[in-house]
Amino acid sequence: MSEQSTAVAGGEAGTAATTKEAADAQAPVKPKNNRAWFLVLPVVVSVAFTAVIPLMTVVNFSVQDVFSPDDRIFVGLEWFRSVARDPEVRAAFVRTLIFSAQVLLLEIPLGVALAVAMPRRGVWVSVALVLVALPLLIPWNVVGTIWQIFARPDIGLGGWAINNVLGLDFNYTLDSTDAWITVLIMDVWHWTPLVALLAYAGLRSIPQPYFQAAQIDGASAWAVFRHIQLPRLRGVLTIAILLRFMDSFMIYTEPFVVTGGGPGNATSFLSILLSKIAVGQFDLGPAGAFSLLYFLFVQILCYVFFTVLTRSGR
Amino acid sequence: MADIRLEGVGHSYDGGRTWALRPMTWTWRSSRAYALLGPSGCGKTTLLNIISGLISPTVGRVFFDDREVTAVPTAGRNIAQVFQFPVLYEEMSVYDNLAFPLRNRKVPKPEIDRRVRRVSELLGLDDQLRRRSRRLDAGRQQIVSLGRGLVRPEVAAVLLDEPLTVVDPALKWTLRSKLKEIHRDTGHTLIYVTHDQTEALTFADEVVVLNEGAIVQAGEPAELFLSPAHEFVGHFIGSPGMNVIPAEITADGLVRVGDTDVGRALGDTGADRAAGEAPAPGPVRVGVRPEFAVLGGDPVSPGLPVRVTGVDRMGAYNLVHVEAGGHPVIARTDAEARFKPGDTEYLRLPPDRTFLYRDAVRCGAVGPVDGPAHGEGEQ
């Protein structure tokens with residue numbers, strides 16, 4: 001009887017061949033059905049509602065010119081062409097790419113350095129972890145608000161100090177460079193902790209004998225970092241780079257709160273421009289085409305990063 | 001190469017409440033191959049790390065010949081250490097791995113090249129020098145980690161901490177003979193930590209048995225097997241381990257198990273016996289290895305009555321489980337011997353191979369019942 005019931009259970013899709021053979025040998029007549037597929041249904045439905053259908057709506061908009069729900073024209077790839085040629089989009093694209101590159105160049109080394117400097121044992125471990133993780137616990141728009149105020153030259157501590165203590169002329173609402181630097185430093189402040197925590201976890205997982213062997217070999221602290229710690233951080237750093245690239249390339253809330261994309265277009269990143277087109281101007285066709293191109297580009301770049309980072313390790 | 005002398009060395013991980021390694025004085029003599037044998041957690045690795053300087057002992061001093069090195073950091077001790085799993089600089093080639101300790105010490109390039117080539121020849125790594133070390137199999141990786149120790153001039157000792165754990169069983173024999181070969185060719189002092197008695201007995205000139213942080217016996221493999229100085233050695237070495245039967249020494253110097261006199265209590269060493277010294281009357285434990293316990297009565301002095309409880313057929317021999325006064329005893333017999341569970345048999349304890357233990361430490365031997373009280377003056 002129990003053999004029978006295992007055979008029924010074994011009829012589900014994706015059962016290992018060996019189990020099937022065993023079931024064949026034990027139960028000559030094997031009941032066969034595809035009812036197990038019903039178990040997948042909830043996932044299919046929820047993914048369809050949350051991802052596939054909304055995305056198809058975007059695809060739908062991207063190939064039509066919509067005047068009203070009943071009045072629309074199929075325009076083919078026209079929106080894609082016009083978005084790709086739009087100088088404003090191109091400028092925002094370059095700006096976002098530069099921003100992401102700067103974010104990676106600053107946050108990855110800084111995060112690794114922070115992780116190396118964090119204590120390994122003792123009471124200070126938890127203190128350091130909490131302190132480092134603090135920025136990660138703050139909601140995006142609050143981070144924006146904090147920095148919006150902090151960097152103000154009149155009432156913000158940071159802005160005031162730069163102007164009055166360092167004696168530099170700093171005003172992010174008027175100067176493009178100042179605005180850019182403010183947004184960049186804000187991102188570094190907000191997200192370096194993520195890199196640091198990932199790297200810290202990676203460092204903690206290195207078995208003690210590696211460090212003992214290095215001691216025996218007379219390796220300097222730098223050699224230990226270069227030849228033991230860094231190579232063994234490859235995995236977590238791959239994840240850190242992917243996460244930080246995707247996230248910084250899609251940055252929206254913080255610059256929106258701090259600068260609103262200005263002054264002028266100085267901090268107008270792709271996502272800010274996109275929301276201006278989609279929500280501000282309600283140009284659903286161009287916004288749809290823009291979204292798909294944006295999505296595609298993030299996918300391709302992540303694929304490239306991932307391939308390069310994993311291949312180089314072999 | 002040097003004698004490594006530990007003077008009163010002990011280590012505690014919790015500020016002196018418990019000893020991971022009890023204070024001990026011991027000398028590792030130059031150019032010998034030692035096996036450090038003991039169960040997990042007995043302090044083997046602690047002892048090794050004290051020698052290599054990865055741990056500084058809580059008490060005591062460490063000498064290499066006459067140079068005190070207690071405070072000398074690991075890098076200054078010229079110790080080669082191989083860990084349980086291969087520790088490599090994975091993104092480096094085999095050559096760079098071998099050269100790494102020399103480069104750290106700013107050895108001139110031609111000298112590095114000469115040394116690396118010599119070691120790679122010794123270890124049979126010539127064909128692998130250009131390969132990335134992480135692509136080698138686990139056995140070769142262990143060889144490379146060993147090579148990183150051997151490449152330095154004047155290596156004081158090579159410490160191996162269960163180096164074959166991750167290696168394929170089939171490859172273990174090859175690697176072990178390779179290690180012996182290297183030991184023969186280089187003459188380095190070798191300390192090989194293991195919890196596997198076969199590994200220890202086949203490998204070493206001298207086996208040092210460690211239990212609960214203390215050395216309980218050291219000697220040649222045969223010595224540990226034939227005359228265990230401690231009950232632990234009897235249990236740990238040999239398969240199955242030594243039988244231990246509670247007994248008593250009577251006022252007239254006889255060893256009595258239950259109601260049967262099994263022999264006469266003799267002094268532990270020849271000198272003791274010559275001086276007429278024997279263990280004092282009182283409770284004692286009799287130890288005899290299954291290999292030497294003899295089953296089957298002798299009409300004159302039949303021995304200890306026992307009941308057979310089971311027989312394990314091992315192919316070439318049988319292990320007969322018997323019960324002597326409620327205590328399990330195992331005797332190894334010929335495969336042809338016919339003992340059946342439930343039978344009553346007689347167990348004889350051979351005079352040369354039966355010992356007496358008090359507080360787990362050997363205190364004497366068992367001689368023939370009718371023999372002289374002071375034995376032959378020989379052991």
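A salt bridge, as I use the term today, is a side-chain nitrogen of Lys or Arg within 4 Å of a carboxyl oxygen of Asp or Glu. With that rule, a search of the whole structure, which I should say at once is a predicted model, finds 24 salt bridges over all chains.

Let me take one pair that crosses between chains, running from A:Arg226 in helix H11 of chain A, residues 221–232, to B:Glu91, which sits in chain B in the loop between strand S6 (79–82) and helix H2 (94–104). The side chains of A:Arg226 and B:Glu91 meet at 3.7 Å, taken from N to O, and across the interface of chain B and chain A the rule finds three salt bridges.

What about the interface itself? In general, the size of an interface is often given as the accessible area lost when the parts come together. Here the area buried between chain B and chain A is about 1,800 Å², and carbon and sulfur atoms give 54% of that area. As for the residues involved, chain B brings 24 to the contact and chain A brings 20.

I will stay with chain B for a while, beginning with helix H2, whose axis lies 7 Å from that of helix H4 (residues 138–150), the two packing at an angle of about 30°. Because angles under 35 degrees count as roughly parallel, H2(B) and H4(B) are described as roughly parallel to each other, and H2(B) passes H4(B) in a right-handed crossing. On the H2(B) side the contact is made by B:Val94, B:Asn97, B:Leu98 and B:Pro101, which meet B:Val144, B:Gly147 and B:Arg148 in H4(B). Sorted by class, the residues of this contact are four nonpolar, two polar and one charged.

H4(B) also packs with helix H3 of chain B, residues 109–123, in this case at an angle of about 140° and with the axes 10 Å apart, so that H3(B) is oblique to H4(B). The crossing of H3(B) and H4(B) is right-handed. From H3(B) the contact takes B:Arg118, B:Val119, B:Leu122 and B:Leu123, and from H4(B) it takes B:Ile143, B:Leu146, B:Gly147 and B:Leu150, a set that divides into six nonpolar, one polar and one charged.

Two points of backbone geometry in chain B deserve a mention. The peptide bond from B:Ser239 to B:Pro240 is cis, with omega near -5°, and B:Pro240 is found in the loop between helix H8 (231–236) and strand S11 (243–249). B:Asn78, although not a glycine, has a positive phi of about 55°, and this residue lies in the loop between strand S5 (67–68) and S6.

Finally, to chain A, where the axes of helix H12 (residues 234–249) and helix H15 (residues 284–311) come within 10 Å and cross at roughly 165°, which means that H12(A) is roughly antiparallel to H15(A). The crossing of H12(A) and H15(A) is right-handed. Which residues of H12(A) and H15(A) meet? On H12(A) they are A:Arg234, A:Thr238, A:Ile241, A:Leu242, A:Phe245, A:Met246 and A:Phe249, and on H15(A) they are A:Tyr294, A:Phe297, A:Val298, A:Leu301, A:Cys302, A:Phe305, A:Phe306 and A:Leu309. By class, that contact between H12(A) and H15(A) comprises 13 nonpolar residues, one polar and one charged.

Key:
Residues numbered from 1 in each chain as written. Chains lettered and ligands numbered in written order. Predicted model: local features only at pLDDT ≥ 70, side-chain atom pairs only at ≥ 80, totals over all residues. Heavy atoms only, no water. Axes fitted to C-alpha atoms, helices over the stretch in contact; angles between N-to-C directions. Helix = DSSP H or I, 4+ residues; strand = E, 2+ residues; numbered from the N terminus. Parallel < 35°, antiparallel > 145°, perpendicular 65-115°, else oblique. Left-handed = near helix turned anticlockwise from the far one by under 90°. Contact = heavy atoms within 4.5 Å. Nonpolar A, V, L, I, M, F, W, Y, C, P; charged D, E, K, R; others polar. Buried area = accessible area lost by both parts, 1.4 Å probe.
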